[in-house]
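Biologist: Before we discuss the assignments, please show the structure. I shall then ask on what grounds each term is applied.

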Amino acid sequence: MKTLRHILYGILAGVLLSSGLVAQHPHFYHYSTQDGLPSNQVYDIFQDRLGYIWLCSDYGVSRFDGSHFENFGTADGLGDHEIFQGTEDRSGRIWWSSLNGRPSFWQDGQFYSAPQIPEFEAFKASGMIGNYFDDGERIWLCSSNGEIFFWDEVQQEAKAFYHNSKWIGLGFHAVWRSPDGQINAVSERSFYQFDSTDQSIQPIASWDSQSHLVKTFHAGDSLWATASDRLLLYHKAQKRILRTYQFDFINSEIIRVYQHPRLGLWLGTRQGVFHLPPGKDIERAEDFHHYLPQHAVSGIWIDQEENW
């Protein structure tokens, strides 16, 4: 497999940045269905531990080896044809966030879903799967209709942990286990904690804004949350919002956040990607570089070699 040495963007088609990451005029490679992608609408992009690049689209997923795209859909065992995100767990399984709420994963060259994993029949998610989280013992997933499930592979058990019946319109974007062992989740307006004894839910942090949360991205002890034109930085252990940033110069919804200690902060929007190099001031518009202004950038990833 040919190794990739680029920072990667998922937009309405695939793009590779192939110049110095902080260069003023980088060069981009553009990929579309003419190059083998299953669709020109790409929702997310990431690299697995074997070095393959995966792209999630409205027509299945695609695996890129640096030269060729290999496409997969429901006929191959994928849980849905519309896949918004992929998450690799500790065992190397890749879990797919689907529109129809049916869980599935890829492992050792094969897709697994309800037909192969009977316990998955217990997952009755009535909305889009938000994300997956591996706590070392269980795989957790949440839905846009306020449901949280878990799967215990050892016990061959799948159960509903929480189903929203209290708040109208409550849907979850992400679920995780905080350092104190509690299950936490975030909705469009608030962060929540669940009581481990009775699974009751309590809001622990909210934001004063008419903006609805769009997406969340884990970054070590912190979590980035995008809410229209603003960005929230939440600390998982302290269970509080550390900072709220509003970017008047970004006249577009922020749909992707990628932070790298050596390469800085990258914000994907519906009008291109904004890059803040390390050591620059996040409050200063002039410190950002703006690329691909005519594209919606929904995925950003740096390859394993981190050379470019």
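**Terms and their grounds**

Modeller: A search of the whole structure finds 0 disulfides, a disulfide being a pair of cysteine sulfur atoms within 2.5 Å. This is a predicted model, in which local features need pLDDT of at least 70 and side-chain atom pairs count only at pLDDT 80 or more, while totals for chains, interfaces and linings use all residues. Residues are numbered from 1 along each chain as its sequence is written, and side-chain values use heavy atoms, with hydrogens and water left out.

Biologist: Why is Cys-142 called buried?

Modeller: Buried means under 20% relative accessible area, exposed means over 50%, and partly exposed lies in between (1.4 Å probe, protein chains only). Cys-142 has 1% relative accessibility and therefore counts as buried. Cys-56, at 0%, therefore counts as buried as well.

Biologist: What makes strand E13 mostly covered?

Modeller: Strands (E, at least two residues) and helices (H or I, at least four) are DSSP runs, numbered from the N terminus. In E13, residues 139-143, 5 of 5 residues are buried. Ile-139, Leu-141 and Ser-143 point one way, Trp-140 and Cys-142 the other.

Biologist: How do you know that E13 and strand E14 pair?

Modeller: Two strands pair if DSSP finds at least two bridges between them. E13 and E14 (residues 147-152) have 4 bridges, in the antiparallel sense. Within this pairing, Ile-148 is the bridge partner of Cys-142. Strand E12 (residues 129-134) is likewise joined to E13 by 4 bridges and runs antiparallel to it, with Tyr-132 opposite Leu-141.

Biologist: What makes Arg-93 and Asp-89 a salt bridge?

Modeller: The term requires a side-chain nitrogen of Lys or Arg within 4 Å of a carboxyl oxygen of Asp or Glu. The closest N and O atoms of Arg-93 and Asp-89 are 2.7 Å apart, and the pair forms a salt bridge. Both residues are buried. Asp-89, Arg-93 and Glu-153 are linked in a network of salt bridges, and the structure holds 13 salt bridges.

Biologist: Which side chain of opposite charge is nearest to Asp-80, and how far away is it?

Modeller: Lys and Arg count as positive and Asp and Glu as negative, while His and the chain ends are not counted. The nearest such side chain is Arg-102, 6.5 Å away, and Asp-80, although buried, has no salt bridge. The side chain of Asp-80 does reach the backbone nitrogen of Asn-100 at 3.0 Å.

Biologist: Why is Arg-270 called partly exposed?

Modeller: Its relative accessibility is 46%, so Arg-270 counts as partly exposed. Glu-253, at 26%, therefore counts as partly exposed too. These two residues form a salt bridge with closest N and O atoms 2.9 Å apart.

Technical notes
Polar contact = N/O pair within 3.5 Å; in protein donor to acceptor, adjacent residues only side chain to side chain.
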